[in-house]
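Me: Please take a close look at one helix contact in this structure, and then follow the description on into the sheets. Plain wording will do.

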Amino acid sequence: MTLLKVKHYINGKFADSSDGNTFDLFSPYSGELVAKVAEATAEDVNNAVSAAKAAFPAWSAMSPQQRGRPLAKLAQMITEADAELAKLDAASLGRPISTYFDGYYAAMHFRYFSEAAYPTGTSSLNTPGFINVSLRQPYGVCAAIIPWNSPLVFFSKKLAPALAAGNTVVLKTSEKAPLSPDRVAQMLGEAGFPPGVVNVVHGHGTPAGHAISSHMDIRALSFTGSARTGRLIQKAAADSNFKHLIFELGGKSPAIVFEDAELERAAKETQHSIMFHSGQTCMANSRIYVQKGVAEAFIAKFNAFASARKLGDPNLKETDSGPQADKVQYETVMRYIEEGKKTGQVLQTGAPVPTENAALFVSPVIFLQQPEDSKVMKEEIFGPVACINTFETEEEALRIANDSEFGLYASVYTKDIDRAMRVAKGLESGMVGVNCTSPTGAWDMPFGGYKGSGVGRESFLLSMEDWLEQKSVYIRVDGLQTSSAANSTLGR
Ligand code: NAD
């Protein structure tokens, strides 16, 4: 692959960093240097914010149809580039092309939001002498900070509604996965976005991420990433201008499998949930609780599915799992595996690591009967590591499933509809799968987490709300009948 040079996209032009600095991006599969990426400084972030500020009046004054046109065109361009985008994520992340759905996802989001921008306000006739209306208006300059594991999923689910709502945006890519967002940035001019409406900067949390989260002119910020970074962003927002925050954070998602469950399906799907993308998804069911009577059979089936995974070159269609996304991720996962070996039993699956380019591959691991308070049960590992524990009663299953600071996704497998409903209601989780598990979801349903897994919800139906301020307008109307008991101070 020819060496790529990735630059910021600011005010409709590609630019180097103000200090000329770049960082190197290596393929986690071949180790080859794939790109030199511009490292944004606080000055670059300022330039991007200034461009977005200048572009805001004209962009927000357009009709929804006018704003929708470049969004729809971008959807089409992304669809046409799907195979190329898949290869870029394979190069930067080791993400197998066989698992790539992100281009389709991004196109759907830009297409949906190209027609979704008729924000509805409410009106009230209940104040004597007044007709009151509420307005939904864009914030102005907004920002998005995205993680690496599915770059275009987060690029589109944040940008599309923010732009449709009339905001202008500065987006920071992840330092691990800037290639596919950069390729889409190259489409923005041709799609018809005026300069400054979308600005894409690259770089690390410090300085670029921090410069965004503490910027005084950014009024709303949507972040997807780890709880640790979410905390830093929330502090920076509080220390600057209380910008409106939307957070999608990490998870330690439980799946509960009862004795009457369809065991084959439960094993297949829970295995896929945690092993897909080498365990690097936020909602992976990393804790699996199986009722004692079927534990042995379930574990055997789960192990067979995990052992059948083909680890290898992410560019080959037959590959199920690639390497971990980089050396840091690999070392973190290996540390947790060593830790888990000390606290519980380990079942090494038979999936072989490839003979070539094996450095960052982790063969799927199953931990059994880990103590509930052990690190591997409490912390997000973000690797192909499943923890399987047993339970006896429904009450016990619910109690241990909920004993977590995370609450992103949970699932329950049972044929008993009453039990399924009781458990679904009792689970402290933003999303619950009944006889299915993550990544099962629906684009019109709220996506987000309870507790430490996030703040707010995203979806086709909800995301416009994330990017619109609300204003109440009280309009006195002379001649409107008022009762003698009411005075003019808003119906007191
Ligand atoms: P991360 O928190 O390390 O980084 C996410 C982004 O934040 C990156 O762009 C990074 O550069 C930036 N960042 C880092 N430090 C910053 C700072 N001080 N200020 C501002 N920005 C900063 O997360 P990651 O490793 O990229 O992604 C993995 C995490 O994301 C996991 O915890 C995973 O569960 C979570 N995630 C959540 C969802 C969800 O929808 N809930 C989806 C995908 C990933």
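Reply:

**Helix contacts and sheets**

The helices H2 and H4 cross in a left-handed sense. The model is a predicted one. H2 covers residues 64-80 and H4 residues 102-113, and their axes come within 7 Å of each other. The crossing angle is roughly 165°. Angles over 145 degrees count as roughly antiparallel, and H2 and H4 are therefore roughly antiparallel to each other.

Which residues make this contact on the two sides? From H2 come Leu71, Ala72, Leu74, Ala75, Ile78 and Thr79. H4 contributes Gly103, Ala106, Ala107, Phe110, Arg111 and Phe113. Sorted by class, the contact of H2 with H4 holds nine nonpolar, two polar and one charged residues.

A second helix pair can be described in the same terms. Helix H3 (residues 82-93) and helix H6 (residues 179-191) have axes that come within 8 Å and cross at roughly 145°. On the H3 side the contact involves Glu84, Leu85, Leu88, Asp89, Ala91 and Ser92, which meet Leu179, Ser180 and Arg183 in H6. These residues of H3 and H6 divide into four nonpolar, two polar and three charged.

Next, the sheets. Seven strands form an open sheet with mixed pairing, in the order E15-E16-E17-E14-E13-E18-E19. Strand E15 (345-348) and strand E19 (431-434) are at the edges; each has a single partner strand, so one side of each is left without a neighbour in the sheet. Averaged over the sheet and with direction ignored, neighbouring strands are turned by 20° against each other.

The pairing can be followed from the E15 edge. E15 and E16 run antiparallel and are joined by four bridges, with Leu347 having Ile366 as its bridge partner in E16. E16 (residues 365-368) then runs parallel to E17 (residues 385-391), again with four bridges between the two. Here Val365 has Val385 as its partner in E17, and Ile366 has Ala386. Ile366 therefore has a bridge partner on each side, Leu347 in E15 and Ala386 in E17.

Further along the order is strand E14 (residues 287-291). Why is E14 described as largely enclosed by the rest of the structure? Five of its five residues are buried, so E14 is largely enclosed. Its two faces are both covered: Arg287, Tyr289 and Gln291 are buried on one side, and Ile288 and Val290 on the other. E14 runs parallel to strand E13 (residues 254-257), and four bridges join them. Val257 has Val290 as its bridge partner in E14.

One of the buried E14 residues, Tyr289, leads to a helix. Ala397 belongs to helix H13 (residues 394-402). Its C-alpha atom is separated from that of Tyr289 by 7.0 Å, although the two residues are 108 positions apart along the chain. If neighbours within four places in sequence are left aside, Ala397 is in contact with Ile256, Tyr289 and Phe391. Is Ala397 buried or exposed? A residue counts as buried with 20 or more such neighbours; Ala397 has 25 C-beta neighbours inside 10 Å, so Ala397 is buried.

Another open sheet has three strands in the order E1-E5-E4, and its pairing is mixed. E1 (4-6) and E4 (22-26) are its edge strands, each with a single partner strand, so each has one side without a neighbour in the sheet. On average, neighbouring strands of this sheet are turned by 25° against each other, direction ignored. E1 and E5 (residues 33-38) run parallel and are joined by three bridges; Lys5 has Lys36 as its bridge partner in E5.

Lastly, strand E7 (residues 130-138) pairs with E6 (residues 123-124) in the antiparallel sense over two bridges. Ser123 has Val133 as its partner in E7. E6 and E7 form a hairpin with five residues between them, and Gly129 in the turn has a positive phi of about 85°. E7 also pairs in the antiparallel sense with strand E21 (residues 468-476), over nine bridges, and Ile131 stands opposite Ile475 in E21.

Note on methods:
Residues are numbered from 1 along each chain as its sequence is written. This is a predicted model: local features need pLDDT of at least 70, side-chain atom pairs count only at pLDDT 80 or more; totals for chains, interfaces and linings use all residues. Axes are lines fitted to C-alpha atoms, for helices over the stretch in contact, and angles run from 0 to 180 degrees between N-to-C directions. Two residues are in contact if their C-beta atoms, placed from the backbone, lie within 7 Å. Ala, Val, Leu, Ile, Met, Phe, Trp, Tyr, Cys and Pro count as nonpolar, Asp, Glu, Lys and Arg as charged, and the others, Gly among them, as polar. A residue is buried if 20 or more other C-beta atoms lie within 10 Å of its own, exposed if 12 or fewer, and partly exposed in between; C-beta atoms are placed from the backbone. Angles under 35 degrees count as roughly parallel, over 145 as roughly antiparallel, 65 to 115 as roughly perpendicular and the rest as oblique. A crossing is left-handed if the near helix is turned anticlockwise from the far one by less than a right angle, and right-handed if clockwise. Two strands pair if DSSP finds at least two bridges between them.
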